[in-house]
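Could you walk me through this protein, step by step? I would like to understand how its parts fit together.

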Amino acid sequence: MSWIQILRVAFAGGLLLALVACGAPGASGPQIRIVDPWARPAMSGGMSMGEGHGGHGGAATSAVYFVIRNEGDQPDALIGATSDVAEKVELHETRMEGDVAKMVPVPRVEIPARGQVEFRPRGLHVMLIGLRRDLKVGDTFTLTLRFEKSGEKPVTVTVKEMNP
């Protein structure tokens, strides 16, 4: 075996070790998973029955809910979302001020390492403002969530009636 062949084998072995180390379990970084994304039904030409009822200048709205699980060892943050079913998509939180529930836009939602955050009615939610089409029970659409470290994660959202 020549020196060149020995160097090639040594280089290939080193490269293989580096690739295995990068993909090994326990590698650092967030590992984001979206669980059970769903939205409330709404009419594009009218008001929804969900979050934001009457709060967006008469624009038809709906809200999307899900659970974000981070199974990694680094935190991440949800910093935005887009969808072709709405003119505008925002992260919101419903907060009580006295006896009045108010929706407040939030710029980011922290997702702790090895933790989860629930987006649910009367809590955190993704607001769809200015619907471009009706959202009927059983319909599906794509919502793309944008994370600070994990990048974009498209999810399929199913339109469902809210359980009482």
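Trp-38 and Tyr-65 are both buried in this predicted model, and they make a good place to begin our tour. The structure holds two aromatic pairs. A pair of aromatic rings is described by the distance of the centres and the angle of the planes. For Trp-38 and Tyr-65, the ring centres are 4.7 Å apart and the planes meet at 45 degrees, so this pair is tilted. Trp-38 belongs to strand β1 (residues 32-39), while Tyr-65 belongs to strand β2 (residues 61-70). The two residues are 27 residues apart, and their pair links distant parts of the chain.

Now look at the neighbour of Tyr-65 in the sequence numbering, Phe-66, which forms an aromatic pair with Phe-119. Here the centres are 4.6 Å apart and the planes differ by 25 degrees, and the pair is stacked. Where do Phe-66 and Phe-119 lie? Phe-66 is in strand β2 and Phe-119 is in strand β7 (residues 115-119), so their pair ties together parts that are 53 residues apart in sequence. Are these two rings' residues buried or exposed? Phe-66 has a relative accessible area of 2%, and Phe-119 also comes to 2%. Buried means under 20%, so Phe-66 is buried, and Phe-119 counts as buried too.

Let us step back to the whole protein for a moment. Its secondary structure comes to one helix and 10 strands. Following the sequence, you meet the helix and then the strands, in the pattern α-β-β-β-β-β-β-β-β-β-β. Of the 164 residues, 37% are buried. Among contacts with a separation of 6 or more, 71% are between residues 24 or more positions apart. The accessible surface is about 9500 Å², and 56% of this area belongs to carbon and sulfur atoms.

Next, turn to the inside. The largest nonpolar core has 31 residues, and Val-126, Phe-141 and Leu-143 are those with the most contacts inside it. Take Phe-141 as an example: leaving aside its neighbours within four places in sequence, Phe-141 is in contact with residues including Ala-39, Val-64, Val-85, Leu-128, Leu-135 and Val-157. Ser-83, Arg-133 and Thr-156 are also among the contacts of Phe-141.

Strand β3 (residues 76-83) is another mostly covered part, with six of its eight residues buried. Which strands pair with β3? One is strand β6 (residues 109-111), joined to β3 in the antiparallel sense over three bridges. Within this pairing, Asp-76 has Ile-111 in β6 as its bridge partner. Another is strand β9 (residues 140-147), which pairs with β3 in the antiparallel sense over five bridges. There, Ala-81 stands opposite Leu-145 in β9.

Finally, here are two residues with a noteworthy backbone angle. Asp-36 is not a glycine, although its phi is positive, at about 50 degrees. This residue is found in strand β1. Asp-36 has a relative accessible area of 45%, so it is partly exposed. Arg-122, a residue other than glycine, also has a positive phi, near 65 degrees. Its place is in the loop between β7 and β8 (124-131). How exposed is Arg-122, and what is its relative accessible area? The value is 61%, and exposed means over 50%, so Arg-122 is exposed.

Conventions
Residues numbered from 1 in each chain as written. Predicted model: local features only at pLDDT ≥ 70, side-chain atom pairs only at ≥ 80, totals over all residues. Heavy atoms only, no water. Phe/Tyr/Trp six-rings, centres within 6.5 Å; stacked < 30°, edge-to-face > 60°. Helix = DSSP H or I, 4+ residues; strand = E, 2+ residues; numbered from the N terminus. Buried < 20%, exposed > 50% of the residue type's maximum accessible area, 1.4 Å probe, protein only. Core = buried A, V, L, I, M, F, W, Y, C linked by side-chain atoms within 4.5 Å. Contact = heavy atoms within 4.5 Å. Areas by Shrake-Rupley, 256 points an atom, 1.4 Å probe, with all protein chains shown as cover. Pairing = 2+ DSSP bridges.
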